[in-house]
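Please look over the sequence and the model shown here before reading the notes that follow, which are grouped by topic.

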Amino acid sequence: MTVTLRAFAQTDAYNQLKIQYDSLRKAENHEGALLVAKQMNTWALKYETDTSLRYAVSLRYVGSRFYSLFLNDSALYYWNKSLEALEKQQRAESLDAASCQNNLGSFYFGKSDYKTAEPYLKKALEIRKKVLGEDNPEFAASLNSIGLLYMDMGDYKAAEINYTQAVEIIKKVLGEEHPSYAYSLNNLGNLYSDMGDYKAAE
């Protein structure tokens, strides 16, 4: 009974840290959130070892907070470390792995390193399609990310295909009043504007 209670207490400690982390992140207190994310990682390594999902996920949290603080090298280190941990845990096709792939792809996209960004973003899209199916906002978000990449690369046809699919999914799943629908329409409009098709853009 004592062991069971101790386990509950330990689990509760991690959950409390997660609540603190989410609160600080939403408040954009990135330094505070980074400190808590490191505490979560230390807890997971101590009580669950590096074979646990919490360990891998907390590494991603640490990386994301470093990124928010513009410490890019540290962000890349922890995102890659999280992805490596998930692969070792045979979770390479999980949504957590998709989040890592998306983070890495978005980072390199922001640096205009399209060649490096593309396989990460395509892998995130593939995983989300496999796990969530096509009628899902997260899958649509990946379609928008890929669309942005192809648009910047000048591959307008590929961008249009991905943007159009994202618009259709968001409209079906979330409705026309949702901000994500407006965002997706805006992406498509910007594409048509770049293509010189101002009538379609309007």
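## Helix α5 and its surroundings

The buried residues of helix α5 pack against α3, α4, α6 (114-132) and α7 (137-153), where helices are DSSP runs of H or I of at least four residues, numbered from the N terminus; buried means under 20% relative accessible area, exposed over 50% and partly exposed in between, with a 1.4 Å probe and protein chains only. This is a predicted model, in which local features need pLDDT of at least 70 and side-chain atom pairs count only at pLDDT 80 or more, while totals for chains, interfaces and linings use all residues. Residues are numbered from 1 along each chain as its sequence is written, and side-chain values use heavy atoms, with hydrogens and water left out.

**Confidence**
- The protein averages a pLDDT of 91, and 92% of the residues score at least 70; pLDDT is the predictor's confidence in each residue, from 0 to 100.
- Over residues 1-9 the pLDDT stays under 50, and for this stretch the model has 0 contacts beyond four places in sequence, a contact meaning heavy atoms within 4.5 Å.

**Helices α5 and α9**
- Helix α5 (residues 95-110) has 16 residues, which should span 22 Å at 1.5 Å a residue, and its end C-alpha atoms are 22 Å apart, in agreement with that value; the expected span is 1.5 Å times one less than the number of residues.
- Among the buried residues of α5 are Cys100, Gln101, Asn102, Asn103, Phe107 and Tyr108, and just after this helix Ser112 takes a positive phi of about 60°.
- Helix α9 (residues 179-194) also has 16 residues and reaches 23 Å from its first C-alpha to its last, close to the 22 Å expected.
- In α9 the buried residues include Tyr181, Asn187, Leu191 and Tyr192, and just after this helix Gly196 takes a positive phi of about 85°.

**Aromatic pairs**
- A search of the whole structure finds 10 aromatic pairs, counted when ring centres of Phe, Tyr and Trp (its six-membered ring) lie within 6.5 Å, with planes under 30 degrees apart called stacked, over 60 edge-to-face and the rest tilted.
- Tyr14 and Trp43 form a tilted pair, at 5.1 Å centre to centre and 50° between the planes.
- This pair links distant parts of the chain, with Tyr14 in helix α1 (residues 2-26) and Trp43 in helix α2 (residues 30-47), 29 residues apart; both Tyr14 and Trp43 are buried.
- Phe66 and Tyr78 form a stacked pair, at 5.6 Å centre to centre and 25° between the planes.
- Here Phe66 belongs to helix α3 (residues 53-68) and Tyr78 to helix α4, 12 residues apart, and Phe66 counts as buried because its relative accessible area is 10%.
- Ring pairs also link Tyr67, Trp79, Phe107, Tyr108 and Tyr120 into a cluster.

**Core and individual residues**
- The largest nonpolar core has 51 residues, with Tyr21 and Met40 having the most contacts inside it; such a core is a set of buried Ala, Val, Leu, Ile, Met, Phe, Trp, Tyr and Cys residues joined through side-chain atoms within 4.5 Å.
- Leaving aside residues up to four places away in sequence, Met40 touches Tyr14, Leu17, Lys18, Tyr21, Ser58 and Tyr61.
- Ser58, found in helix α3, counts as buried because its relative accessibility is 0%, and beyond four places in sequence Ser58 touches Ala37, Met40 and Asn41.
- Tyr77 lies in helix α4 (residues 72-88) and is partly exposed, with a relative accessible area of 48%.

Definitions and conventions
Helix = DSSP H or I, 4+ residues; strand = E, 2+ residues; numbered from the N terminus.
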